[in-house]
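Open the model in your viewer and keep the sequence panel beside it. The tour goes from one selection to the next, with a short note at each stop.

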Amino acid sequence: MADMEAFRDAVGRWAAGGPGGPAGDLAVRLGLRTAVLLEGPSDFEAVEALAARRGRDLAAEGVCVVPMGGAMSVGRYAGLLGPPGLGLRLTGLCDERERPFYQRGLERARAAHPGFFVCAADLEEELIRALGTAAVEEVIRSEDDQRAWQTFARQPAQHGRSRPQQLRRFLGTKKGRKIRYGRLLVEALAPERVPAPLDALFATL
């Protein structure tokens, strides 16, 4: 686990303009064959939580999950980790609105876009829909966020929005909340209710 975190750190430094040697050396040492590219840390937490629930040791399987720090970075990360760089097989998740940008970035890196699975709005929206609003609100209650949620839902800006829209917005209103709930919502899912893009991703790993 520590070595995998070191690899992610090395890739981040490489993407920021640093040397690629450390990432390459770690990729060989870890026996990496696949990189799962994700937009950010909340998606990372969701994928890691589902791996744990399914008893998958992704590191032992040669799979590294890499949060890129934003969809705009996909071309850069695909070039470093895919065919032009370390030669890893690339897969991951993207949002529907980002699909054309992913296509262009992956094409430039000579990587296959079909290996990426599309969320309708984003992964949080997929998880809220899979769980249902009542179950999501129960998770919120279990985390002692009920008062904050009720205060938020009463705000004038939320009037006219559907409950799923309000919940999705609520998860993004406080620093770190979306990351924490990325894991919690996956942990609350029934096995047969895993959102299709996330389930399809795991089927390819």
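Which residue of β2 does V36 stand opposite? Select V36 and look across to β2: the residue standing opposite is V65. Bear in mind during the whole tour that this is a predicted model.

**Stop 1: β1, α3 and β2**

Select residues 34–38, which are strand β1, and then β2. The two strands pair in the parallel sense, over 5 bridges. To follow the chain from β1 to β2, add helix α3, residues 41–53, to the selection. The chain passes through this helix on its way to β2, and the β-α-β crossover is right-handed. Now keep only β2, residues 63–67. This strand is mostly covered, with 4 of its 5 residues buried. In a regular strand, side chains alternate between the two faces of the sheet.

**Stop 2: the cysteines**

Select C64, then C94. How many disulfides does the structure hold? The count is 0. For C64, the closest cysteine sulfur is in C94, 19 Å away, which is too far for a bond. For C94, the closest cysteine sulfur belongs to C119, at 7.5 Å, and this is also too far for a bond. A disulfide would need the two sulfur atoms within 2.5 Å. C64 counts as buried because its relative accessibility is 0%. C94 counts as buried too, at 2%.

**Stop 3: β3, α5 and β4**

Select β3 and β4. These strands pair in the parallel sense over 4 bridges. C119 appears again here: the residue D95 stands opposite C119 in β4. Add α5, and you have a right-handed β-α-β unit made of β3, α5 and β4.

Next, pick R110, in the loop between α5 (99–108) and β4 (116–119). R110 is not a glycine, although its phi is positive, about 60°. Is R110 buried or exposed? R110 is exposed, with a relative accessible area of 59%.

**Stop 4: helix α11**

Select residues 196–203, helix α11, and colour P197, L198, L201 and F202, which are its buried residues. Seen down the axis of α11, the buried residues fall within an arc of 135°, so they line one face of the helix. An α-helix has 3.6 residues a turn, so residues three or four places apart point the same way. On the other side of α11, look for A196 and A203, which are exposed. To see what covers the buried residues, show the neighbouring elements, among them β1, α3, β3 (89–95) and β4. The helices α6 and α10 are also included in that cover.

**Stop 5: the two domains**

Colour the chain by its domain assignment. Domain 1 takes in 1–122 + 194–203, while domain 2 is 123–188. Their C-alpha centres lie 26 Å apart. Where they meet, the contact takes 20 residues from domain 1 and 15 residues from domain 2.

For a closer look, select I179 in helix α10. Which residues does I179 touch, leaving out those up to four places away in sequence? The answer is P41, S42 and E45. Add A46 to the view: the C-alpha atoms of I179 and A46 are separated by 8.4 Å, although the two residues are 133 residues apart along the chain. I179 itself is partly exposed, with a relative accessible area of 33%.

**Stop 6: helix α7 and the loop after it**

Select residues 133–142, which form helix α7. Colour V136, E137, V139 and I140, which are buried in this helix. They cover an arc of only 155° around the axis, and this puts them on the same side of α7. The cover over the buried residues of α7 includes α6 (123–131), α8 (146–153), α9 (163–171) and α10 (177–188).

Finish at D144, in the loop between α7 and α8. Just after α7, this residue takes a positive phi of about 60°, although D144 is not a glycine. Is D144 buried or exposed? D144 is exposed, with a relative accessible area of 70%.

How values were computed:
Residues numbered from 1 in each chain as written. Predicted model: local features only at pLDDT ≥ 70, side-chain atom pairs only at ≥ 80, totals over all residues. Heavy atoms only, no water. Buried < 20%, exposed > 50% of the residue type's maximum accessible area, 1.4 Å probe, protein only. Pairing = 2+ DSSP bridges. Right-handed = clockwise from strand over helix to strand, strands pointing away. Arc of directions from axis to C-beta. Contact = heavy atoms within 4.5 Å. Domains from an automatic or database assignment.
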